[in-house]
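The exercises below ask the reader to work from sequence and coordinates towards a picture of strands, charged pairs and a helix. Each task is followed by a solution that goes step by step.

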Amino acid sequence: MTEDGSVDVRDDGLLTIGAFAARARLSAKALRLYDRLGLLAPAHVDEASGYRYYRAGQVERARLVAMLRGLDMPLARVAEVVDATNGAEAADRLAAYWADVEARFAAQRALAGYLRGRLSGRSSEMYGTFEVETVDVPAQVVITEKRHTLADELPAWIAASLGRLEEGASACGGSTGTPFVVYHSEVSMESDGPAESCVPVADEAAARAWVAAQGRGRDVSVRVEPARRLARTRIAKAQVAHPQILAAFEAVEAWLRREGLEYDGPCREIYFADWEAAGPQDPVCDVAFPVRASAR
């Protein structure tokens, strides 16, 4: 018998790979791949010939794997679905995957719209919707948490890290100002920063003791943030999402060029409102750059 077999069914009810592939409407190559990846193992492999044999009851699993792959589902998540203990659990895992896909497509759709505006020369129109001003911020002691993170992980990390720092502020004399996030380098889907969450606190000595007590598990520190002049624009909750927020950063940068100001430190987002309580159009964040007068 050859591997794609002239005999479809053996005495023990097993199907050759060729016969099974025909029933499952898959190629023998795909079945070998699914076997190698642990998604669909043959019911029997002949020790002498290496030929693979399948049971008719495996057809449904084979077709399910193929359809899930048709959704561009990563192999690890395909395994999660097909190995679920029951249909309801499998459906929930599929729904979770598709929610991730739709969120990614929504972000890509927004990015495409943003890029169309830039490429068509409408950048100045977009920038004109942002009001930019300068404010002076006094020196302040801050406790910080730093992390290298890509753009898709950033929102969850910001919320978690600021929550941890605000909780820690109680041991540092209490919070004395608005929390903010500093970007020491670009954060995108290709660049991972780092980003640094910061919470101003009252007692520097207590803050240093708190940081020392955190151990090496988290990249936390304390420093004195110098007095700065910030150029900022205020944005609504709906504008904080990527890529909408890029237009705010670029609007401030365009304003700096017009005003003859220079950068004096890394850009930042300052979160002054209750995020959970805010509606989509409520102002929640200042996009800001430390600035100084141009030396020219």
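## Exercise 1: salt bridges of Arg292 and Asp286

Asp264 and Arg292 form a salt bridge in which the closest N and O atoms are 2.8 Å apart, a salt bridge being a side-chain nitrogen of Lys or Arg within 4 Å of a carboxyl oxygen of Asp or Glu. Asp264 lies in the loop between β10 and β11 and Arg292 in strand β12, so this pair ties together parts that are 28 residues apart in sequence. This is a predicted model, in which local features need pLDDT of at least 70 and side-chain atom pairs count only at pLDDT 80 or more, while totals for chains, interfaces and linings use all residues. Residues are numbered from 1 along each chain as its sequence is written, and side-chain values use heavy atoms, with hydrogens and water left out.

Task: find which salt bridge joins Arg292 and Glu262 to each other and at what N to O distance, and describe the salt bridge of Asp286.

Solution. Step one: the side chains of Arg292 and Glu262 meet in a salt bridge at 3.5 Å, N to O. Arg292 belongs to strand β12 and Glu262 to strand β10 (residues 261-263), so the two tie together parts that are 30 residues apart in sequence; strands here are DSSP runs of E with at least two residues, helices are runs of H or I with at least four, and both are numbered from the N terminus.

Step two: consider accessibility, where buried means under 20% relative accessible area, exposed over 50%, and partly exposed in between, with a 1.4 Å probe and protein chains only. Arg292 counts as partly exposed at 40%, Asp264 is partly exposed at 33%, and Glu262 is partly exposed at 23%.

Step three: Asp286 forms a salt bridge with Arg232, with the closest N and O atoms 3.5 Å apart. Since Asp286 lies in strand β12 and Arg232 in strand β9 (residues 228-236), this pair ties together parts that are 54 residues apart in sequence. Asp286 counts as buried, at 3% relative accessibility. The structure holds 17 salt bridges.

## Exercise 2: strand β11 and its partners

Task: determine which strands pair with β11, and which way its side chains point.

Solution. Step one: β11 pairs in the antiparallel sense with strand β6 (residues 180-183) over three bridges, and, also in the antiparallel sense, with strand β12 (residues 283-293) over four bridges; two strands pair if DSSP finds at least two bridges between them. Val182 has Arg268 as its bridge partner in β11, and Ile270 stands opposite Asp286 in β12.

Step two: in a regular strand the side chains alternate between the two faces of the sheet. In β11, Arg268 and Ile270 point one way and Glu269 and Tyr271 the other way, and all are buried.

## Exercise 3: two buried charged residues

Task: describe how the side chains of Arg268 and Glu269 are placed with respect to polar atoms.

Solution. Step one: Arg268, found in strand β11 (residues 268-271), counts as buried at 4% relative accessibility. A polar atom of its side chain lies 3.3 Å from the backbone oxygen of Pro266. Arg268 is also linked with Glu196, Arg223, Glu225 and Arg228 in a network of salt bridges. Leaving aside neighbours within four places in sequence, Arg268 is in contact (heavy atoms within 4.5 Å) with residues including Phe180, Tyr183, Glu225, Arg228 and Asp286.

Step two: Glu269 is buried yet has no salt bridge, and the nearest side chain of opposite charge, Arg268, is 11 Å away; for this purpose Lys and Arg count as positive and Asp and Glu as negative, whereas His and the chain ends are not counted.

Step three: polar contacts join the side chain of Glu269 to that of Tyr183 at 3.0 Å and to that of Tyr271 at 2.4 Å. A polar contact is a pair of N or O atoms within 3.5 Å; within protein, one must be able to donate a hydrogen and the other to accept it, and residues adjacent in sequence count only if both atoms are side-chain atoms.
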